[in-house]
Each structure stands twice: as structure tokens, then as C-alpha cells.
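Open your viewer and get ready to click along. Each stop on this tour tells you what to select and what you will find there.

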Amino acid sequence: MNDSPGCPLVGVAATYMPRLSEFSFEPGLVAAVDQHAAAVRDALIPAQRGPERWAAHRAETWAERRAVRREDLSDYVLGFTDWLAEADWIEPVGYDFATLRLTAVCWLIREHDLLGGA
């Protein structure tokens, strides 16, 4: 399942994961990617799945509440990359909103081991 051909995280990781190595040379990049990762995580976390989740949500640990699920991130990436394709986006040499967002997705993939160490 970790390398299933239909999983959009595999392609994003192959393309953008190498950008994480630039963190040690670009402190501003770390901050920008962190902000994008927080925005993606906030869009995916169970807290916004409705008030009926509140009782169960209270029983979870902080780490469990902040966990990103592979399925949710995959859905997010599909929607985001579809939007980029519709906008005829072309990857720039440096960083723009889209490359920062996709780099942040890679950071989340790595931090939550969503590809099983791949």
C-alpha cells in the first residue's frame, strides 16, 4: 500500500522531498514551509469535523489530535494538484506558493511517516 501507484503522495514525495535538504541553508525556507505545513494540517485535523467529535477529541492526546492521516493528505494533494493543473501552473526555479505548499506536504509525509519510511 505504501507505494501504490494511485497514491499522489508518492509522486509529490519523489519530486519535492529533496527540497527539505535545503533547510540547513535557508532559515527563511524553514519558516515558510512550517507555516504551510500548519495550514495544511489545520485543514485536515479532526477538530473541524464537527462538534459531535468533541467528546472523543477531548480524550485524545495532543499528538493524536495533531496527527495527519495518509488518506486525508492524499485527498488534499489530489485537490491541490488538480487546481494547479487547471491553472496551467509551471514549477518555478525557486519557490512560490505552490512549491512551498508541496514541500510542506513532504515535510508532513516525513514527520508522520505516511509512506512507511519510503
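Before the first stop, here is a rule to carry with you: rings of Phe, Tyr and Trp (for Trp, its six-membered ring) count as a pair if their centres lie within 6.5 Å. By this rule, there are three aromatic pairs to find. One of them joins Tyr76 and Phe80, and the pair is stacked, with 6.2 Å centre to centre and 10° between the planes. Why is this pair called stacked? Because planes under 30 degrees apart count as stacked, and the angle for Tyr76 and Phe80 is 10°.

**Stop 1: the whole chain**

Zoom out and show the protein as a cartoon. Keep in mind that this is a predicted model. How many helices and strands are there in the protein? You should find six helices and zero strands. Follow the chain from the N terminus and the elements run α-α-α-α-α-α.

Now switch on the surface. The protein exposes about 7000 Å², and carbon and sulfur atoms supply 59% of that area. Of the 118 residues, 37% are buried. Contacts also reach along the chain: among those with a separation of 6 or more, 71% are between residues 24 or more positions apart.

**Stop 2: the aromatic cluster**

Select Tyr76 and Phe80 again, this time with the helix around them. Both lie in helix H5, four residues apart, which is about one turn of the helix. Are they buried or exposed? Both Tyr76 and Phe80 are buried. Next, add Trp83 and Phe97 to your selection: ring pairs link these two with Tyr76 and Phe80 into a cluster.

For another ring, select Tyr95 together with Arg19. Arg19 lies over the face of Tyr95, at 4.5 Å from the ring centre.

**Stop 3: the largest nonpolar core**

Which residues touch the most other members of the largest nonpolar core? Select Leu9, Leu73 and Ile109, which do so among the 30 residues of this core. Then colour the elements that give two or more residues to the core: helix H1 (8-16), helix H2 (27-44), helix H5 (70-86) and helix H6 (97-111). The largest share, nine residues, comes from H6.

Stay with Ile109 and show what surrounds it. Leaving aside neighbours within four places in sequence, Ile109 is in contact with Leu9, Ala13, Met17, Leu73, Leu114 and Leu115.

**Stop 4: Thr81 and Asp72 on helix H5**

Go back to helix H5 and select Thr81, which lies there. Thr81 is partly exposed because its relative accessible area is 27%, and partly exposed covers the range between 20% and 50%. Look for the side chain of Thr81 reaching the backbone oxygen of Leu78 at 3.3 Å. You can also draw a line between the C-alpha atoms of Thr81 and Ala98: they are 17 residues apart along the chain and separated by 9.0 Å.

Asp72 lies in helix H5 too. With a relative accessibility of 14%, Asp72 counts as buried. Select Arg69 beside your Asp72 selection, and you will see a polar contact of 3.1 Å joining their side chains.

**Stop 5: Asp42 on helix H2**

For the last stop, select Asp42 in helix H2. Asp42 is partly exposed, with a relative accessible area of 42%. Draw one more line, from the C-alpha atom of Asp42 to that of Val68: these atoms are separated by 9.5 Å, while the residues are 26 apart along the chain.

Notes. Residues numbered from 1 in each chain as written. Predicted model: local features only at pLDDT ≥ 70, side-chain atom pairs only at ≥ 80, totals over all residues. Heavy atoms only, no water. Core = buried A, V, L, I, M, F, W, Y, C linked by side-chain atoms within 4.5 Å. Buried < 20%, exposed > 50% of the residue type's maximum accessible area, 1.4 Å probe, protein only. Contact = heavy atoms within 4.5 Å. Areas by Shrake-Rupley, 256 points an atom, 1.4 Å probe, with all protein chains shown as cover. Polar contact = N/O pair within 3.5 Å; in protein donor to acceptor, adjacent residues only side chain to side chain. Phe/Tyr/Trp six-rings, centres within 6.5 Å; stacked < 30°, edge-to-face > 60°. Lys NZ or Arg CZ within 6 Å of the ring centre and 35° of its normal.
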